[in-house]
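I opened the notebook today to look up how aromatic side chains and helices meet in one chain. I kept my entries short and wrote down what I looked for before what I found.

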Amino acid sequence: MEQDFTYQCGWVLGAAFKQAIDKDAKNLQMLREMYNQWPFFRVTIDLVEMVFAKGDPGITALYDKLLVSEDLWPFGERLRTNYEETKRLLLQVAGHRNLLEGDPYLRQRLLLRDSYITTLNVCQAYTLKQIRDPNYHVQVRPSKEPTSKPAAELVKLNPTSEYAPGLEDTLILTMKGIAAGLQNTG
C-alpha cells in the first residue's frame, strides 16, 4: 500500500516536472539548482528515486499477464510507461545517469537483494494464479537432486487452508520475504 502511494506521488512529481520543463526549458536548470541547494527538495527527490530503484516494471507485467483481465492490460502498460518517463525526469533533475547514483552503498544493497525479490515475486504471482484458478498448473521441472526425506517431513503445511496444500503457506512466505527485501517500501 505504501509503495502504491509513493508511486502515485512519484508520477505526480513526474507530471509536474514534465509540465515545468515543457513550459520553459530553463526550468530544468532551476530544478537542478533546487536539487543541489535545497536539502528538503534533495531528500524528497532522493527518496522518490529510491522507491523507483525498488520498482520493477517487468514484474508488474508478469502480475498483469497472470492475474489481470486482458482488457485492463493497456492500463498497466500506461502505468509502466509513466514509470519510465518519471524515472527519466527524476534522473534529469538529480543530474544522474542511473538511479541511486548518489548513494552507491544503497544501490549495491538493492542489487544484491534484487534476484531474491524477483524470485519471490515470480513465485507469488504463480501462487496467486493457482489460488484464483484451481485448473491452472505450473509445469515443475524435476529436481536434479533427490531428497532423502519425503516432502511431508520437510514442510509442515497449514491444515486449515481452503486452498490446495501449500498455496496459502507459499503466499504468506512470499509476502513476508518481499516485504523484508523491500524494507521501507514493502
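How many aromatic pairs does the structure hold? I was working with a predicted model, and in it I found three aromatic pairs.

I looked first at phenylalanine 17 and phenylalanine 41, which form an edge-to-face pair with 6.4 Å centre to centre and 65° between the planes. I noted that this pair links distant parts of the chain, since phenylalanine 17 belongs to helix H1 (residues 2-23) and phenylalanine 41 to helix H3 (residues 39-54), 24 residues apart. I then looked up accessibility: phenylalanine 17 has a relative accessible area of 4% and is buried, and phenylalanine 41, with a relative accessible area of 14%, is buried too.

Next I turned to phenylalanine 52 and tyrosine 83, whose rings are stacked, with 4.8 Å centre to centre and 10° between the planes. Phenylalanine 52 lies in helix H3 and tyrosine 83 in helix H5 (residues 73-94), so this pair ties together parts that are 31 residues apart in sequence. I recorded both phenylalanine 52 and tyrosine 83 as buried.

How do helix H2 and helix H3 cross? I found that the axes of H2 (residues 26-37) and H3 come within 6 Å and cross at roughly 100°, which means that H2 is roughly perpendicular to H3. In this contact, H2 residues including Leu31, Met34 and Tyr35 meet H3 residues including Pro39, Phe41 and Ile45. By class, I noted six nonpolar, two polar and two charged residues where H2 meets H3.

Last, I looked up lysine 129, which lies over the face of tyrosine 136, at 5.5 Å from the ring centre.

How values were computed. Residues numbered from 1 in each chain as written. Predicted model: local features only at pLDDT ≥ 70, side-chain atom pairs only at ≥ 80, totals over all residues. Heavy atoms only, no water. Phe/Tyr/Trp six-rings, centres within 6.5 Å; stacked < 30°, edge-to-face > 60°. Helix = DSSP H or I, 4+ residues; strand = E, 2+ residues; numbered from the N terminus. Buried < 20%, exposed > 50% of the residue type's maximum accessible area, 1.4 Å probe, protein only. Lys NZ or Arg CZ within 6 Å of the ring centre and 35° of its normal. Axes fitted to C-alpha atoms, helices over the stretch in contact; angles between N-to-C directions. Parallel < 35°, antiparallel > 145°, perpendicular 65-115°, else oblique. Contact = heavy atoms within 4.5 Å. Nonpolar A, V, L, I, M, F, W, Y, C, P; charged D, E, K, R; others polar.
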